[in-house]
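User: Could you walk me through this model before I set anything up with it? I'd like to go piece by piece.

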Amino acid sequence: TRAARPVLRRPAVPRRTGSGGHDQPATLFGEGPDTEPEGWEGIVYTAYIATGILLVVGLSYKPNTSLEDWAYWEALERLKRIEAGEEVKFGVHYSQMTAPTFTKEGIGALPEMEGGGDDEDDE
């Protein structure tokens, strides 16, 4: 008896790969190098550049909110207070006490600084 073998047959039509023999150069979206820019393209490219600049500038001025940096400045402020002979209490955040804060009375009023070295005895 014959052992069962898989039957391998070659296809009757040879396989073809490729683009089918077109002589046109491959371009993105079917536009050639001599295609003139459309009216909306300048506006879109300007918006892309402006958005990129805004992202770079905005992210470079982003506030630093890392826990490690806060702990570093808090430890420095506590060391300053200990060296100056002041009492340091657990649970009080001293690094935020020295930062000035600003308040406004209403719309159109100038902001006024409170805390952070602003002495009211000068008035």
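User: Where does Tyr61 sit?
Analyst: This is a predicted model, and in it Tyr61 lies in the loop between α1 (39-60) and α2 (67-83).

User: Is Tyr61 buried or exposed?
Analyst: Tyr61 is exposed, since its relative accessible area is 68%. Tyr61 also belongs to a nonpolar surface patch with Ile49, Ile53 and Val57, and the four residues together have about 460 Å² of accessible area.

User: Stepping back, what secondary structure does the chain have?
Analyst: The chain has two helices and two strands, and, read from the N terminus, the elements follow the order α-α-β-β.

User: How many of the residues are buried, as a percentage?
Analyst: Of the 123 residues in the chain, 5% count as buried. The accessible surface of the chain is about 12300 Å², with 58% of that area belonging to carbon and sulfur atoms. As for contacts, if one takes those between residues at least 6 apart in sequence, 5% of them join residues at least 24 apart.

User: OK, on to charges: how many salt bridges are there?
Analyst: The structure holds three salt bridges. One of them links Arg78 with Glu74, where the closest N and O atoms are 3.0 Å apart; both residues lie in helix α2, four residues apart, which is about one turn of the helix.

User: And how exposed are those two, Arg78 and Glu74?
Analyst: Arg78 is partly exposed, with a relative accessible area of 23%, whereas Glu74 counts as buried because its relative accessibility is 4%.

User: What about Arg81, which side chains does it meet in salt bridges?
Analyst: The side chain of Arg81 meets Glu77 in a salt bridge with an N to O distance of 3.7 Å, and the side chain of Arg81 also meets Glu86 in a salt bridge, at 2.9 Å from N to O. Through these shared partners, Glu77, Arg81 and Glu86 are joined into one network.

User: Why are Glu77 and Arg81 about one helical turn apart?
Analyst: They are separated by about one helical turn because they are four residues apart in helix α2.

User: Which members of that network are buried, and how does Glu86 count?
Analyst: Glu77 is buried, with a relative accessible area of 13%, and Arg81 is buried as well, with a relative accessible area of 16%. Glu86, by contrast, counts as partly exposed, because its relative accessibility is 42%.

User: Next, Val88: where is it, and what is it in contact with?
Analyst: Val88 is placed in the loop between α2 and β1 (101-103). If its neighbours within four places in sequence are set aside, Val88 is in contact with Arg78, Arg81, Ile82 and Tyr94. Two of these names come up above as salt-bridge residues, namely Arg78 and Arg81.

User: How far is Val88 from Arg78, C-alpha to C-alpha?
Analyst: Their C-alpha atoms are separated by 6.7 Å, although the two residues are ten residues apart along the chain. Val88 itself counts as partly exposed, because its relative accessibility is 26%.

User: Changing topic, how many aromatic pairs are there?
Analyst: There is one aromatic pair in the structure. Tyr72 and Trp73 form that pair in an edge-to-face arrangement, with 5.1 Å from centre to centre and 75 degrees between the planes. Tyr72 counts as partly exposed, since its relative accessibility is 48%, while Trp73 is exposed, with a relative accessible area of 52%. The cut-off for exposed is over 50%, so these two values fall on either side of it.

User: Last thing, what is the mean pLDDT of the chain?
Analyst: The mean pLDDT of the chain is 78, and 69% of its residues reach 70 or more. Among the elements, α1 has the highest mean pLDDT, at 95, and strand β2 (residues 112-114) has the lowest, at 76.

User: Which stretch has a pLDDT below 50?
Analyst: That applies over residues 116-123, a stretch that has five contacts in the model beyond near neighbours in sequence. Where pLDDT is low, predicted coordinates should not be read in detail.

Conventions: Residues are numbered from 1 along each chain as its sequence is written. This is a predicted model: local features need pLDDT of at least 70, side-chain atom pairs count only at pLDDT 80 or more; totals for chains, interfaces and linings use all residues. Side-chain values use heavy atoms; hydrogens and water are left out. Patches are made of residues with over 30% relative accessible area and no salt bridge: like charges are joined within 9 Å, nonpolar side chains (Val, Leu, Ile, Met, Phe, Trp, Tyr) within 5 Å. Accessible areas come from the Shrake-Rupley method with a 1.4 Å probe; for residues, only the protein chains shown count as cover. Buried means under 20% relative accessible area, exposed over 50%, partly exposed in between (1.4 Å probe, protein chains only). Contact means heavy atoms within 4.5 Å. Rings of Phe, Tyr and Trp (its six-membered ring) pair if their centres lie within 6.5 Å; planes under 30 degrees apart count as stacked, over 60 as edge-to-face and the rest as tilted. pLDDT is the predictor's confidence in each residue, from 0 to 100.
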